[in-house]
Structure formats: C-alpha cells, structure tokens
Amino acid sequence: MDVLWLLFDVIGTIAFAISGALLGIQRRMDIFGILILALVTAIGGGIVRDVLVGRIPPTSLQTGLYISITLVTVGIVFMMYRYGWNRYLESKGMTKIYLTADALGLASFTITGARVGIATNPHNLVLAVILGVVTAVGGGIIRDILAHRTPSVLKEEVYALPALLGSVSYFYLYENDHQIVAAYITFGIVFMIRMVAMEYHWNLPRIERKHRTDTK
C-alpha cells in the first residue's frame, strides 16, 4: 500500500513540476524563477493540506525526495529548451502530452489528499473532499498567482470538479474496505473526466455579459 501511495505522489510531483516549469519559460523567467514555479506547483498543494491538518513539517519537506524530483524535472525541461528543442516542446503533440501529464497529476494528488483526510479523521467526508481538492489544485493556484495570471482552476475547462468527484468516490469506496480498488477507480474517474473535458471543451456554467448598444 505504501508503495502505491508513493507512486501516486511521484507521478503528481513530476506532472506538476513540468506544468510549473513550462509556465515559467512562457513568462520568460530565469532558471531560479522557473524552479520556484515548478516547486510551488509540485508541492504547494501538499504543504497547504498538511498545514491544515497540523502535519508540521509538511510531508514534502521531511525528505528530499520531492524537491529532488522537481529539480531533476526542471533541469531536463530547461536543458531541452536551452539546446533548441523548443519547437518540439511547443508543438501540438507536446501540448497534448503536457495536458495529459497535468491530468495524471490531478488524479494522483486527489487520491493522496483524500487519503490524508481519512487518516486524520475517519468517517469525515467533508475533510476528505476538501483535502483532496486542495492537494490537487492548490499548487496550481499558487503558481498562477506568482505568475500574475488568473488561476486556471477559476476559468478553464472542468478542473476542480473531477477532484471533488474523485474525493467523494474514494471516501465511500474506502469506507467499504476497498482501499486499493478505491485508489484505482478514483484515479480513473478524475483522469477520464479531465481528459474528456479538455477534448470537448466542457466548462461549468458561467454568467455571460451581454453588450448593450444604445439606439437613437
């Protein structure tokens, strides 16, 4: 079981580190700025989650594993751009790979966050859902704020909703003693909803402002 949770953590860390690094490059930051964005994206949500439940120091700071993974990921992305692979990295195919990695990270961190909620206070659905969503989207929100843009979760295709639905499914499956099954099913739910939402450009309802024209 511990190996399974570690796997989800590593997948999420790599995926979100790539997300943060690419945004830093897009914003024309130097290597330090790129690294900061990658770090907050990869471990920011987990740190917020751990602080909320009183885990001090946060899990990601108790070992050098997650920071090391982020450093290596940023180094690879940076060197690829440095040596002229930017055309490939900015192609439609690579964009799809990036979005797929982001969906994998979303699914992975939803599971680890919901699991922390259950471990902290069993039978508390609200806590499990909040921690699942915070872990999944918290780092991206911090990243976007530092990059001076409206957080993606507030304006783009369905993003936080898959994490919310996944956290609920994980909680009820876990409650019925299906821990491993709960992890795999939740991963599938979050990943598939996110991918389908991107493919068909699904959005949650919003208020459309109508432009008034004065007539004489």
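Q: Helices here are DSSP runs of H or I, at least four residues long, numbered from the N terminus. In which loop is H178 found?
A: The model is predicted. Helix α9 covers residues 179–200. H178 is found in the loop between α8 and α9.

Q: Is H178 buried, partly exposed or exposed?
A: Partly exposed residues fall between the buried limit of 20% and the exposed limit of 50% relative accessible area. H178 has 40% relative accessibility, so H178 counts as partly exposed.

Q: How far is the backbone oxygen of N176 from a polar atom of the H178 side chain?
A: A polar contact needs a pair of N or O atoms within 3.5 Å. The side chain of H178 supplies one polar atom, and the backbone oxygen of N176 lies at a distance of 3.3 Å.

Q: How far apart should the ends of helix α2 be, at 1.5 Å a residue?
A: The expected span is 1.5 Å times one less than the number of residues. Helix α2 runs over residues 31–52, with 22 residues. Its end C-alpha atoms are 31 Å apart, which agrees with the expected 32 Å.

Q: At which residue does α2 bend?
A: The bend is the angle between axes fitted to the seven residues ending at a residue and the seven starting there. For α2 this angle is about 50°, and the residue is I43.

Q: Which residue's side-chain oxygen reaches the backbone nitrogen of F32 at the start of α2?
A: The contact sits at the start of α2. A side-chain oxygen comes to within 3.1 Å of the backbone nitrogen of F32, and this oxygen belongs to D30.

Q: Which residue with positive phi follows α2?
A: Helix α2 ends at residue 52. Phi is near 80° in the residue that follows, G54.

Q: Which residues does the cis peptide bond join?
A: The bond has an omega of about -5°. One partner is found in the loop between α2 and α3, and that partner is P57. The cis bond joins I56 and P57.

Q: What accessible area do V48, L52, V126 and I130 have together?
A: These residues form a nonpolar patch on the surface. Helices α2 and α7 each supply at least two of its residues. I130, in helix α7, counts as partly exposed because its relative accessibility is 43%. Together the patch residues have about 350 Å².

Q: Which backbone oxygen does the side chain of T112 reach?
A: T112 is in helix α6, residues 92–120. T112 is buried, because its relative accessible area is 6%. At 3.2 Å, its side chain reaches the backbone oxygen of F109.

Q: Which residue meets R49 in a salt bridge?
A: Side chains of opposite charge can pair when their charged atoms come close. Both R49 and D50 are buried. The N to O distance is 2.9 Å, and the partner of R49 is D50.

Q: Which residues are linked in a network of salt bridges?
A: The structure holds three salt bridges. R143 pairs with D144 at 2.9 Å. D144 also pairs with R149, with the closest N and O atoms 2.9 Å apart. The network therefore links three residues by way of D144: R143, D144 and R149.

Q: What is the relative accessible area of D144?
A: Buried means under 20% relative accessible area. R143 is buried at 6%, whereas R149 is partly exposed at 24%. D144 is buried, with a value of 1%.

Q: Is R28 buried or exposed?
A: R28 lies in the loop between α1 and α2. Its phi is near 60°, a positive value in a residue other than glycine. The relative accessible area is 78%, and the exposed class starts over 50%, so R28 is exposed.

Q: What is the phi of H148 near?
A: H148 is found in the loop between α7 and α8. H148 counts as exposed, at 73% relative accessibility. Its phi is positive, in a residue other than glycine, and near 60°.

Key
Residues are numbered from 1 along each chain as its sequence is written. This is a predicted model: local features need pLDDT of at least 70, side-chain atom pairs count only at pLDDT 80 or more; totals for chains, interfaces and linings use all residues. Side-chain values use heavy atoms; hydrogens and water are left out. A polar contact is a pair of N or O atoms within 3.5 Å; within protein, one must be able to donate a hydrogen and the other to accept it, and residues adjacent in sequence count only if both atoms are side-chain atoms. Patches are made of residues with over 30% relative accessible area and no salt bridge: like charges are joined within 9 Å, nonpolar side chains (Val, Leu, Ile, Met, Phe, Trp, Tyr) within 5 Å. Accessible areas come from the Shrake-Rupley method with a 1.4 Å probe; for residues, only the protein chains shown count as cover. A salt bridge is a side-chain nitrogen of Lys or Arg within 4 Å of a carboxyl oxygen of Asp or Glu. Buried means under 20% relative accessible area, exposed over 50%, partly exposed in between (1.4 Å probe, protein chains only).
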